[in-house]
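Q: Could you walk me through this model and show me how its descriptive labels are earned?
A: Happily; let's take the labels one at a time.

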Amino acid sequence: MSVAGLAVPVRVWGQRFAFLGLLAIAFALMLLSKAETDALERARTAIVDATVPVLDVMSRPVEAGRAAAQSVESFFIVRAENERLREENARLLRWMLMARQLEVENATLRAQLDFVPEAAPRAITARVVADTGGAFFHSLLINAGAQQFVRRGQAVVSHGALVGRVAEVGERSARVLLLTDLNSRIPAIVESTGDRVIVTGNNTPWPSLTYLASSSPVSAGDRVLTSGHGGVFPPGLVIGVVAEASEARVTIQPAVPLARVSEARILDYGVNGILPAPEDMPARSAAPVAAPAPAAAAEPGR
Amino acid sequence: MSGASIGSVLDYSRRVVPAFTTILLILLAQLPLPIPFFPDVAPALPLMAVYYWVVFRPDLMPRLLVFAVGLFQDALIGAPFGLTALIYLLVHAFVLNQRRFLVGKPFWIFWSGFAIVTPVAALLTWTLASVLRAAAMPTDVVLVGMVLTVVCFPVVAWALLHCQRWLVGSAQPS
């Protein structure tokens with residue numbers, strides 16, 4: 001056989017080997033990723049870090065569209081909205097009076113007890129630049145990272161309710177694992193019954209409550225809050241309300257519509273104790289939160 | 001700069017259009033649209049680009065590029081590295097093999113080809129994700145996503161066709 005005659009089969013075999021080689025690399029990478037290999041995780045954060053500025057720019061029109069849609073919507077419901085806000089204002093004014101009285105009373109009692117107050121959490125507000133994942137992985141990318149003192153494990157809230165936790169941190173980006181993701185486990189408490197449960201993500205929009213006693217009188221509509229056990233999440237953050245309570249399973253509806261989260265607040269309660277001192281924090285990106293536990297303080301009447 | 005070098009720069013930028021459009025579609029697919037449940041059922045935009053370019057310009061969508069693009073998507077979506085890369089490699093191999101039945105045929109045949117590729121890719125992704133995460137992934141949203149992917153294909157294919165006409169051209173080596 002001539003050299004020219006050999007060239008074609010050699011090329012075909014070469015291509016086949018290249019294909020099988022890449023398949024093998026893909027499988028090897030999957031197994032290494034599964035084992036959470038350090039180098040791969042670093043590569044991932046580097047890629048995400050490099051991409052987030054682009055996503056940041058690309059997501060601005062989406063945000064503008066969202067804002068435009070909201071202003072059109074509010075134009076049409078302005079009357080009803082005004083009515084609702086008046087009512088709410090009247091209700092909140094009553095609460096404010098009561099809160100002032102309680103504040104004074106609390107201060108007096110604390111002074112009598114020499115109570116050491118809990119430190120108010122610092123919060124970093126970041127934009128959600130990508131809603132990644134899809135059916136198999138539920139996470140968000142935000143445009144704040146280690147440079148803005150975002151740390152792994154910090155709780156992420158939006159509109160006062162829990163969204164998830166920080167799972168990966170790059171220099172200027174971070175990945176938020178949503179509470180609906182399969183890997184999400186949040187120690188929680190059912191407000192009405194006091195049952196301690198774990199809110200377990202199951203990749204559906206409705207996470208389930210696990211480790212709930214079968215005799216527990218939990219019913220649909222009960223609020224579920226973080227319990228603070230395990231030291232990862234601060235206690236008292238709203239997670240959601242019980243959506244379905246049957247013999248077979250108890251699921252909750254997250255309090256924030258996760259698809260509509262456009263801004264995320266990363267709460268730093270210093271639970272992991274490895275954070276820099278407050279004076280090292282940049283003033284711009286770390287404004288203290290007014291209320292020590294915003295979720296617990298909200299709507300005490302319910 | 002001489003005319004020849006400007007020409008070669010232009011030629012080079014033409015050649016990266018398939019890679020660029022695929023990456024652009026990956027990024028577009030991640031935008032946080034305020035539609036409830038949309039991320040779960042979002043159409044697989046990058047798959048459309050891979051399919052399109054492998055059929056029309058396989059020389060500009062080589063195996064290594066498909067693999068790299070898959071790895072990039074994995075990094076972004078938080079999937080184990082290699083998952084999407086593997087799916088795209090298999091799609092690339094399959095489409096390249098069946099290419100002669102798709103090139104120069106009416107659009108509906110091209111579309112039908114995609115309607116065969118999508119469920120296979122979705123089933124493979126579902127299986128791999130279920131194995132890697134050690135739990136059965138939801139099936140309903142995957143089905144809806146698959147249908148949406150096939151339904152949305154003509155729109156993306158139309159856009160890519162215009163990209164090809166204006167920027168790339170249809171000259172292809174055998």
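Q: What makes two residues count as being in contact here?
A: Two residues are in contact if their C-beta atoms, placed from the backbone, lie within 7 Å. Please keep in mind that this is a predicted model. By that contact rule, the cover over the buried residues of H7(B) includes H4, helix H6 (83–98) and helix H8 (140–168) of chain B.

Q: Which residues of H7(B) are buried?
A: In H7(B), the buried residues are B:Phe110, B:Phe114, B:Val117, B:Thr118, B:Ala121, B:Ala122, B:Thr125, B:Leu128 and B:Ala129.

Q: How do you know what span to expect of helix H7 of chain B?
A: Helix H7 (residues 107–133) of chain B has 27 residues, and at 1.5 Å a residue the expected span is 39 Å. From first C-alpha to last, H7(B) reaches 38 Å, close to that expectation. Just after H7(B) comes B:Ala134, with a positive phi near 55 degrees.

Q: Why is H2(B) called roughly antiparallel to H4(B)?
A: Helix H2 (residues 17–29) and helix H4 (residues 45–56) of chain B pack at an angle of about 165 degrees, their axes 7 Å apart. Angles over 145 degrees count as roughly antiparallel, so H2(B) earns that description relative to H4(B). Their crossing is right-handed.

Q: Which residues meet where H2(B) packs on H4(B)?
A: H2(B) brings B:Pro18, B:Thr21, B:Thr22, B:Leu25, B:Ile26, B:Leu28 and B:Ala29, and these meet B:Leu45, B:Pro46, B:Ala49, B:Val50 and B:Trp53 of H4(B). The residues of this contact comprise ten nonpolar, two polar and no charged.

Q: Why is B:Val144 called partly exposed?
A: B:Val144, which lies in helix H8 of chain B, has 16 other C-beta atoms within 10 Å. Buried takes 20 or more and exposed takes 12 or fewer, so a count of 16 makes B:Val144 partly exposed. B:Val144 and B:Val41 are 6.0 Å apart in space, C-alpha to C-alpha, although 103 residues apart in sequence.

Q: Why is A:Asn203 called buried?
A: A:Asn203 has 25 other C-beta atoms within 10 Å, and 20 or more are needed, so A:Asn203 is buried. A:Asn203 is found in the loop between strand S7 (196–200) and strand S8 (208–210) of chain A.

Q: Why is A:Tyr211 called exposed?
A: A:Tyr211 has 11 other C-beta atoms within 10 Å, and 12 or fewer count as exposed, so A:Tyr211 is exposed. A:Tyr211 is found in the loop between S8 and strand S9 (223–226) of chain A.

Q: What makes phi worth a remark at A:Asn203?
A: Most residues other than glycine have a negative phi. Phi of A:Asn203 is near 65 degrees, a positive value in a residue other than glycine. A:Tyr211 likewise has a positive phi, near 60 degrees.

Q: What makes up the secondary structure of chain A?
A: Chain A comes to four helices and 13 strands. Of its 302 residues, 33% are buried.

Q: How many residues of chain A are in contact with chain B?
A: Here 40 residues of chain A are in contact with 38 residues of chain B. On the chain A side, the elements giving two or more residues are helix H1 (3–34), helix H2 (38–76) and strand S1 (122–133). H2(A) gives the most, with eleven residues. The residues on this side divide into 24 nonpolar, ten polar and six charged.

Key. Residues numbered from 1 in each chain as written. Chains lettered and ligands numbered in written order. Predicted model: local features only at pLDDT ≥ 70, side-chain atom pairs only at ≥ 80, totals over all residues. Axes fitted to C-alpha atoms, helices over the stretch in contact; angles between N-to-C directions. Parallel < 35°, antiparallel > 145°, perpendicular 65-115°, else oblique. Left-handed = near helix turned anticlockwise from the far one by under 90°. Nonpolar A, V, L, I, M, F, W, Y, C, P; charged D, E, K, R; others polar. Expected span 1.5 Å × (residues − 1).
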